[in-house]
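Biologist: Got a minute to walk through this model with me? I'd like to go feature by feature.

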Amino acid sequence: MAVASISAANVAVSASLSVGASVGQADQRRCSSSLKTLPLSAGQVSGIKVSGSLSCKNELRGIISAERSVSARQGGVFKIMALAQKAEYIWMDGQEGQKGIRFNEMRSKTKVIQEPIKAGSLDFPKWSFDGSSTGQAEGRFSDCILNPVFSCPDPIRGDNHVLVLCEVLNPDSTPHETNTRRKIEELLTPDVLAEETLFGFEQEYTMFNKAAKVYGWPEGGFPHPQGPFYCGVGLEAVYGRPLVEAHMDACIKAGLKISGINAEVMPGQWEFQIGPAGPLEVGDHVMVARWLLHRLGEDFGITCTFEPKPMEGDWNGAGAHTNYSTKSMRVDGGIKAIHAAIEKLSKKHAEHISSYGLGNERRLTGKHETANINTFKSGVADRGASIRIPLGVSLEGKGYLEDRRPAANVDPYVVARMLIQTTLKN
Ligand code: ADP
Ligand code: MN
Ligand code: MN
Ligand code: MN
């Protein structure tokens, strides 16, 4: 196993810089107040890999302070202090499920920012990328714009580094056709805002190993039939928990509204939940959580896929149940509003299905805790329904409904928009 935890990943970063001690906030203050910046040449900082824009020694001087350590233990080692901030700009190319079973839609690149900006701020500068390399533009007019919409601490790099989620704009600043987030913003009129819509997104996914087999499955065969795996414990029942734990830790450190995880019905399949959160926030947090899952998978040698039916046969598919409520549903007697919403949803079934994820017809078969894709069915505590009213909600007479139709590879912004559109704009 490679780097096995988030803190280990940090150590790896420090080690590659040949830093004697960590470069935390405390060090930063001490260094900037009492240390001299030595006139370094690139050759003097042997042990530091200097590449790209850092290879110019003047730029190097600008971002790195160094001292010859005075303590005997650190004798002769330059103490390096990186003052600049790494901002990982993350975006979606809008092609989830279109590049094969295991490739995903997330893209990201790092911007080094000399004057650090606070995590959570939206003051990060716009940036651009080559849209012709992501399937988002033609070669001749290929620059797309990254416009920051959400930022949070980077739990992997630590320190003051950040993740910056971006929406994609065309060169003329209009929203790109893959920009489904903007379409929600346009729906958030005062009447919708007054309903304070909330969403809980259950993101299921399946782990694959480097040999393109489901992670943990026996070589050349199949595991025990489904049954002991859902919320299981023990070496025989559970495959891949170290990644799940690292991912949950990362989401918590990033400040995402992760509300839980569980092992799923098919071995090697897992779920994390984001929410309850508002319509933009739920999508933002889901997308950053998806990025973290893929990024940590690199360190664990695991590929996570949102493919709706990764294994044919008697194996569960992967969905993204979306729990949804309005203010009217959450107050006493809200069950009436829940039934009214279900009535509206029943009339727009085909429309919702057409946007609920590529390949979803292989998952929504009527078996494996799904309703058939061509049938709209609702029911209390019914996991074979399209829309389920949780038992507790039915007993209390208020709460939320669960849309069980979205596939794991669905765009969370699309689900939120369609639920609002159908239940509040019809
Ligand atoms: P399941 O029993 O279907 O596996 P989970 O516990 O996985 O349910 O997910 C339930 C989700 O519902 C959680 O993400 C939770 O945050 C969300 N949720 C709870 N209350 C509400 C509400 N009032 N409105 C929207 N979502 C809610
Ligand atoms: Mn669940
Ligand atoms: Mn589930
Ligand atoms: Mn569910």
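Biologist: Let's start with Pro 276: which strand is its place in?

Modeller: Bear in mind that this is a predicted model. Pro 276 follows a cis peptide bond from Gly 275, with omega at about 0°. The strand that holds Pro 276 is β10.

Biologist: And which elements give two or more residues to the shell around ligand 1?

Modeller: There are 16 residues around ligand 1, and Gly 200, Gln 273, Asn 323, Ser 325 and Tyr 400 come nearest. The elements giving two or more are β8 (198-208), β10 (269-277) and β12 (322-325).

Biologist: Which element has the largest share of that shell around ligand 1?

Modeller: By class, the shell is made up of five nonpolar, eight polar and three charged residues. Four residues of the shell come from a single element, and that largest share belongs to β8.

Biologist: Moving on to Gly 97: is it buried or exposed?

Modeller: Gly 97 is found in the loop between β3 (85-92) and β4 (106-113). The cut-off for burial is 20 or more other C-beta atoms within 10 Å. Gly 97 has 21 C-beta neighbours inside 10 Å, so it counts as buried.

Biologist: What separates the C-alpha atoms of Gly 97 and Leu 358?

Modeller: Leaving aside neighbours within four places in sequence, Gly 97 is in contact with Glu 307, Gly 357, Leu 358, Gly 359 and Asn 409. Leu 358 is 261 residues away along the chain, yet the two C-alpha atoms are separated by 6.1 Å.

Biologist: Which strands stand at the edges of the five-strand sheet?

Modeller: The sheet is open, with mixed pairing and the order β4-β3-β7-β6-β5. From one strand to the next, the twist averages 40°. Two of the strands each have a single partner, so one side of each is left without a neighbour in the sheet; these are β4 and β5 (127-130).

Biologist: How many bridges pair β6 and β7?

Modeller: One of the paired positions is Ser 151, whose bridge partner in β7 is Val 164. Strand β6 (residues 143-153) and strand β7 (residues 162-169) run in the antiparallel sense, and the count of bridges is eight.

Biologist: Within what arc do the buried residues of α4 fall?

Modeller: In helix α4 (residues 180-187), the buried ones are Thr 180, Arg 181 and Ile 184. Seen down the axis of α4, they line one face of the helix, because they fall within an arc of 110°.

Biologist: What covers those buried residues of α4?

Modeller: Strands and helices both take part in the cover over Thr 180, Arg 181 and Ile 184. The covering elements include β6, β7, α7 (279-300) and α12 (412-424).

Biologist: Any backbone oddities? Is Ala 212 buried or exposed?

Modeller: Most residues other than glycine have a negative phi. Ala 212 has a positive one, near 65°, and lies in the loop between β8 and α6 (241-254). With 9 other C-beta atoms within 10 Å, Ala 212 is exposed.

Biologist: Then what is the phi of Glu 369?

Modeller: Glu 369 lies in the loop between α10 (349-354) and β13 (378-380). With 15 other C-beta atoms within 10 Å, Glu 369 is partly exposed. Although Glu 369 is not a glycine, its phi is positive, at about 60°.

Biologist: Last one: what percentage of the chain's residues count as buried?

Modeller: The secondary structure comes to twelve helices and 15 strands. Of the 426 residues in the chain, the buried share is 41%.

Key: Residues are numbered from 1 along each chain as its sequence is written. Chains are lettered from A and ligands numbered from 1 in the order in which they are written. This is a predicted model: local features need pLDDT of at least 70, side-chain atom pairs count only at pLDDT 80 or more; totals for chains, interfaces and linings use all residues. A residue is near a molecule or strand if its C-beta atom, placed from the backbone, lies within 6 Å of it. Ala, Val, Leu, Ile, Met, Phe, Trp, Tyr, Cys and Pro count as nonpolar, Asp, Glu, Lys and Arg as charged, and the others, Gly among them, as polar. A residue is buried if 20 or more other C-beta atoms lie within 10 Å of its own, exposed if 12 or fewer, and partly exposed in between; C-beta atoms are placed from the backbone. Two residues are in contact if their C-beta atoms, placed from the backbone, lie within 7 Å. Two strands pair if DSSP finds at least two bridges between them. Axes are lines fitted to C-alpha atoms, for helices over the stretch in contact, and angles run from 0 to 180 degrees between N-to-C directions. The arc is that of the directions from the helix axis to the C-beta atoms.
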